[in-house]
Amino acid sequence: IADGILAFPPLLLALVFSAVMNPSTRTAIFALAIVYTPLVIRVSRAAVLGERNLGYVMASRGVGNSESRTLLRHVLPNVAAPLLVVASVVVSRSIIVEASLSFLGAGTQRPTSNWGVMIADGREVIFSRPSELILPSIVLSVTVLALNLMSDSLSDRVDPRYKMMRGTE
């Protein structure tokens, strides 16, 4: 099911979902959850499968630790960095898709304001008041860029292998 959902572009799936349901903020959030949950599932599964047969996990099992203790104490800290990265990527992509849905009229509706609605309103007055289009677009871009830079920095700080390479652990 996850692979099937990942086969389609997120904006297209969210548009279809919003078309079937009543376009609203709640519908957009639900559509984004359906669209991006498989990505988080796949990355989580791949990260845990990559760690489960490593020496420190086998040693933890060998000394009698339970599966839950091994998972929480040893595996989770080592898969936290990819999970944080994928979470921040999902948040930044979700912001873009939600703004796109609102711009197209399938997400948040007026009078509630968000970046997509502001950009759509600015499009109508671009020649008389260009700042109404340019400013929300810049803020949207800067927010997504900041989230991506934050995720990169956060993954470097959380990843135990990166700490060992720097010699700070």
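**Exercise 1. Find how much surface the chain exposes and what share of it carbon and sulfur atoms supply.**

Solution. In this predicted model, the chain exposes about 10400 Å², an area that comes from the Shrake-Rupley method with a 1.4 Å probe. Carbon and sulfur atoms supply 67% of that exposed area. The model is predicted, and totals for chains use all residues, whereas local features need pLDDT of at least 70. Residues are numbered from 1 along each chain as its sequence is written, and side-chain values use heavy atoms, with hydrogens and water left out.

**Exercise 2. Describe the helices and strands of the chain, and decide whether the chain is spread out or a compact globule.**

Solution. Begin with the count: the chain holds 8 helices and 0 strands, where helices (H or I, at least four residues) and strands (E, at least two) are DSSP runs numbered from the N terminus. The radius of gyration, taken over C-alpha atoms, is 21 Å, well over the 15 Å that the globule rule gives for 169 residues, so the chain is more spread out than a compact globule. That rule is 2.2 Å times the number of residues to the power 0.38. As a last step, the C-alpha trace spans about 70 × 40 × 25 Å along its principal axes.

**Exercise 3. Locate serine 94, and determine whether serine 94 is buried or exposed.**

Solution. Serine 94 lies in helix 5, which covers residues 67–104. Its relative accessible area is 14%, so serine 94 is buried (under 20%; exposed is over 50%, partly exposed in between, with a 1.4 Å probe and protein chains only). Leaving aside residues up to four places away in sequence, serine 94 touches Leu32 and Tyr36, a contact being heavy atoms within 4.5 Å.

Technical notes:
Predicted model: local features only at pLDDT ≥ 70, side-chain atom pairs only at ≥ 80, totals over all residues.
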